[in-house]
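Please look at the chain below and ask of each label attached to it what earns that label. The questions take the labels one by one, and the answers set a value against a cut-off.

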Amino acid sequence: SGQVSEQTLLQQAAALELAQYRYLGFVRMGESVKSVGNTAVLSKNEEVMIGRAGQHIERHLVVKTVTPESVTLRDIQARVDHTVPLTEDVVASPQP
């Protein structure tokens with residue numbers, strides 16, 4: 001049967017959207033290391049946003065974890081996790 005479930009479509013749409021995010025770096029907020037935690041600086045298209053673990057960056061997207069190497073975002077509608085690795089070069093280099 002060529003029946004595609006609504007959940008599958010949601011997950012495909014979520015994956016496409018999540019793939020647009022770039023992780024530009026992270027900021028330590030607060031004086032002590034364990035106060036607020038790490039805040040991720042993300043970009044999607046031309047828009048730059050910041051968020052830390054537990055915060056929504058869009059209505060359906062939550063930041064799950066922030067490390068110096070990567071950020072994990074969760075789409076709460078599609079129930080999909082997506083890890084965004086740190087972008088080494090801010091200027092997009094053409095793929096060989």
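What follows is a set of questions and answers on the elements, salt bridges, burial and strand pairing of this chain.

Q: What kind of model is this, and which parts of it count?

A: This is a predicted model, in which local features need pLDDT of at least 70 and side-chain atom pairs count only at pLDDT 80 or more, while totals for chains, interfaces and linings use all residues. Residues are numbered from 1 along each chain as its sequence is written, and side-chain values use heavy atoms, with hydrogens and water left out.

Q: How many helices and strands are in the chain, and what makes a stretch count as one?

A: Helices (H or I, at least four residues) and strands (E, at least two) are DSSP runs numbered from the N terminus. The chain has one helix and seven strands, and their order from the N terminus is α-β-β-β-β-β-β-β.

Q: Why is the contact of Glu17 with Lys44 called a salt bridge?

A: The term requires a side-chain nitrogen of Lys or Arg within 4 Å of a carboxyl oxygen of Asp or Glu. The closest N and O atoms of Glu17 and Lys44 are 3.1 Å apart, so the pair qualifies. Glu17 belongs to helix 1 (residues 6-18) and Lys44 to strand 2 (residues 37-44), so that the pair, 27 residues apart, links distant parts of the chain. Glu17, Lys44 and Glu58 are also linked in a network of salt bridges, and a search of the whole structure finds four salt bridges.

Q: Are Glu17 and Lys44 buried or exposed, and how do you know?

A: A residue is buried under 20% relative accessible area, exposed over 50%, and partly exposed in between (1.4 Å probe, protein chains only). Glu17, at 15%, counts as buried, and Lys44, with 13%, is buried as well, because both values lie under 20%.

Q: Which salt bridges does Asp81 form?

A: Lys64 forms a salt bridge with Asp81, their closest N and O atoms being 2.8 Å apart. This pair links distant parts of the chain, with Lys64 in strand 5 (residues 61-66) and Asp81 in strand 7 (residues 80-85), 17 residues apart. The side chains of Arg74 and Asp81 meet in a salt bridge as well, at 2.5 Å from N to O.

Q: Why are Lys64, Asp81 and Arg74 called partly exposed?

A: Their relative accessibilities are 40% for Lys64, 37% for Asp81 and 26% for Arg74. These values lie between 20% and 50%, and therefore the residues count as partly exposed.

Q: What makes strand 2 and strand 3 a pair?

A: Two strands pair if DSSP finds at least two bridges between them. Strand 2 and strand 3 (residues 47-52) have six bridges in the antiparallel sense, so they pair. In strand 3, Gly51 is the bridge partner of Ala40. Strand 2 is mostly covered, with six of its eight residues buried.

Q: How are strands 4, 5, 6 and 7 arranged, and which are called edge strands?

A: The four strands form an open sheet in the order 4-5-6-7, with antiparallel pairing. Strand 4 (56-58) and strand 7 are the edge strands, as each pairs on one side only. Strand 6 (residues 70-75) and strand 7 run antiparallel and are joined by six bridges, with Val80 in strand 7 as the bridge partner of Asp75.
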